[in-house]
Amino acid sequence: VYQEQIMRMCHELAGMSMAEALTMIKAISKKKEKVIEKSRENFIQGTMENGLDRETATNIYDLISHFAGYGFNKAHASAYAFVAYRTAYLKAHYPTEFMAASISCEMGDTDTVVELMQDCSNQGIDVLPPDINDSGLDFSVVKDSVIRFGLGAVKNVGTDAAKQIIQERNDEGEFKSIFDFCERIDTSVVSKGAIEALMKGGCFDELPGSRAQQ
């Protein structure tokens with residue numbers, strides 16, 4: 001059942017115009033009580049004029065009201081179904097790529113990132129920590145069932161800083177030490193706070209020296 005069918009019911013049973021029926025459905029979905037109650041009486045009066053008793057008309061309106069709180073129009077339902085099918089196919093056949101893309105889309109929401117990373121664990125997909133010489137801006141697929149944490153997702157680093165680091169790495173090669181990193185990056189873009197966040201996030205763990213020394 002779609003919104004259009006409910007609109008047709010209102011038109012056929014209560015004599016409402018399609019525009020009036022659409023207004024009623026939208027009011028119900030947005031919980032506009034005054035419009036809902038006004039539409040209720042208009043609907044009941046219209047159905048009674050077409051031969052239904054008040055009790056039956058009231059029951060029908062209650063069902064419509066319940067449905068319209070979450071019902072979709074057919075165009076939206078079809079589009080959502082299409083997207084749901086495609087994403088389900090990708091998750092089933094390309095789970096690592098799908099999860100990397102999904103986490104990348106939610107990088108600004110820490111709680112959602114944590115939830116998606118747990119989903120990766122449940123699927124047997126490993127998420128490696130961020131690495132200054134291996135991470136991209138987003139979460140990326142390293143190999144089958146392995147994802148690398150993106151620099152852009154490290155808290156308090158920021159997109160601009162991450163892009164500058166990656167650009168320097170691409171242009172001049174991998175960073176050889178924390179000192180090499182600090183000498184090469186643009187500190188007007190990659191701030192002291194961002195560097196500290198990278199350290200705490202373990203981005204330099206594969207370089208010489210311990211995290212305590214950094």
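1. Helices and strands here are DSSP runs, of at least four and at least two residues respectively, numbered from the N terminus. On that count, this predicted model has 10 helices and three strands. Going along the sequence, the order reads α-α-α-α-α-α-α-β-β-β-α-α-α.

2. The overall dimensions caught my eye. The chain's radius of gyration is 28 Å, while a compact globule of 214 residues would come in near 17 Å. Along the principal axes, the C-alpha atoms take up a box of roughly 85 × 35 × 30 Å.

3. Now the inside. Buried residues make up 36% of the 214 in the chain. The largest nonpolar core holds 32 residues, and Ile132, Phe139, Ile165, Phe181, Val190, Leu198 and Phe204 have the most contacts within it. At least two residues apiece come from H6 (95-105), H7 (110-122), H8 (159-172), H9 (178-184) and H10 (192-200). H10 gives the largest share, five residues.

4. Leu198 is worth a click. Leaving aside residues up to four places away in sequence, Leu198 touches Ile132, Leu151, Val157, Ile165, Phe181, Cys203 and Phe204. There is also another core, apart from the largest one, with 17 residues, including Ala21, Ile60, Ile64 and Phe67.

5. On contact range: take the contacts between residues at least 6 apart in sequence, and 47% of them join residues at least 24 apart.

6. Last, the surface and the charges. About 12800 Å² of the chain is exposed, with carbon and sulfur atoms supplying 53% of that area. I see 32 negative side chains and 22 positive ones, and the centres of the two sets are 5 Å apart.

How values were computed:
Residues are numbered from 1 along each chain as its sequence is written. This is a predicted model: local features need pLDDT of at least 70, side-chain atom pairs count only at pLDDT 80 or more; totals for chains, interfaces and linings use all residues. Side-chain values use heavy atoms; hydrogens and water are left out. A nonpolar core is a set of buried Ala, Val, Leu, Ile, Met, Phe, Trp, Tyr and Cys residues joined through side-chain atoms within 4.5 Å. Buried means under 20% relative accessible area, exposed over 50%, partly exposed in between (1.4 Å probe, protein chains only). Contact means heavy atoms within 4.5 Å. The radius of gyration is taken over C-alpha atoms; the globule rule is 2.2 Å times the number of residues to the power 0.38. Accessible areas come from the Shrake-Rupley method with a 1.4 Å probe; for residues, only the protein chains shown count as cover. Lys and Arg count as positive and Asp and Glu as negative; His and the chain ends are not counted. The place of a charge is taken as NZ of Lys, CZ of Arg, CG of Asp or CD of Glu.
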